[in-house]
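Visitor: Hi, could you walk me through this one? I'd like to ask a few quick questions as we go.
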Amino acid sequence: MVRASKKALPGDYVVRMDARNPEVTSNVEFRISVKTPLILRWMGIMIILVVLGIIYGLFRKYGKR
């Protein structure tokens, strides 16, 4: 089993494994996806919505003067 580090950045990675001996050489490549936890996605969306709400409120308050 291949496990990503807790510090791994989300994305797709290619893992290449080689096996060699005097008679035979073999290799294989695996594509591995590292995903972010669902809670972090929702937190990111909430932060963006809060910032947009603050900007909207500032424009309403200080709009045309």
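Guide: Happy to; we can go through confidence, strands, salt bridges and the surface in turn.

Visitor: What is the mean pLDDT of the protein?

Guide: This is a predicted model, and its mean pLDDT is 87. Of its residues, 94% reach 70 or more.

Visitor: And where is confidence lowest, and where highest?

Guide: Confidence is lowest in S2, with a mean of 88, and highest in H1, at 92.

Visitor: Okay, strands. How do S1 and S2 run, and how many bridges join them?

Guide: They run antiparallel, and ten bridges join S1, residues 11-20, to S2, residues 25-34. As an example of the pairing, tyrosine 13 has isoleucine 32 in S2 as its bridge partner.

Visitor: What joins S1 to S2 along the chain?

Guide: A hairpin does, passing through four residues.

Visitor: Changing topic: how many salt bridges does a search of the whole structure find?

Guide: Two. In one of them, the side chains of arginine 16 and aspartate 18 meet at 3.3 Å, N to O. Arginine 16 also meets glutamate 29, with 3.6 Å from N to O. That second pair links distant parts of the chain, since arginine 16 lies in strand S1 and glutamate 29 in strand S2, 13 residues apart.

Visitor: Which residues do the shared partners join into one network?

Guide: Arg16, Asp18 and Glu29 are joined that way.

Visitor: Why does glutamate 29 count as exposed?

Guide: Because its relative accessibility is 51%, and the cut-off for exposed is over 50%.

Visitor: And the other two, arginine 16 and aspartate 18? What do they count as?

Guide: Arginine 16 has 49% relative accessibility, so it counts as partly exposed. Aspartate 18 is partly exposed too, with a relative accessible area of 42%.

Visitor: Let's move to the nonpolar surface patch. What is its area, and which residues make it?

Guide: The patch covers about 1,100 Å². Leu38, Trp42, Ile45, Met46, Ile47, Ile48, Leu49, Val51, Leu52, Ile55 and Phe59 make it.

Visitor: Pick isoleucine 45 from that list. Where is its place?

Guide: Isoleucine 45 sits in helix H1, which spans residues 38-62.

Visitor: And why does isoleucine 45 count as partly exposed?

Guide: Because its relative accessibility is 39%, which falls between the 20% limit for buried and the 50% limit for exposed.

Visitor: One last thing: what should not be read in detail where pLDDT is low?

Guide: The predicted coordinates should not be read in detail there.

Methods:
Residues numbered from 1 in each chain as written. Predicted model: local features only at pLDDT ≥ 70, side-chain atom pairs only at ≥ 80, totals over all residues. Heavy atoms only, no water. Pairing = 2+ DSSP bridges. Helix = DSSP H or I, 4+ residues; strand = E, 2+ residues; numbered from the N terminus. Patch = residues over 30% accessible without salt bridge, like charges linked within 9 Å, V, L, I, M, F, W, Y side chains within 5 Å. Areas by Shrake-Rupley, 256 points an atom, 1.4 Å probe, with all protein chains shown as cover. Salt bridge = Lys/Arg side-chain N within 4 Å of Asp/Glu carboxyl O. Buried < 20%, exposed > 50% of the residue type's maximum accessible area, 1.4 Å probe, protein only. pLDDT = per-residue confidence, 0-100.
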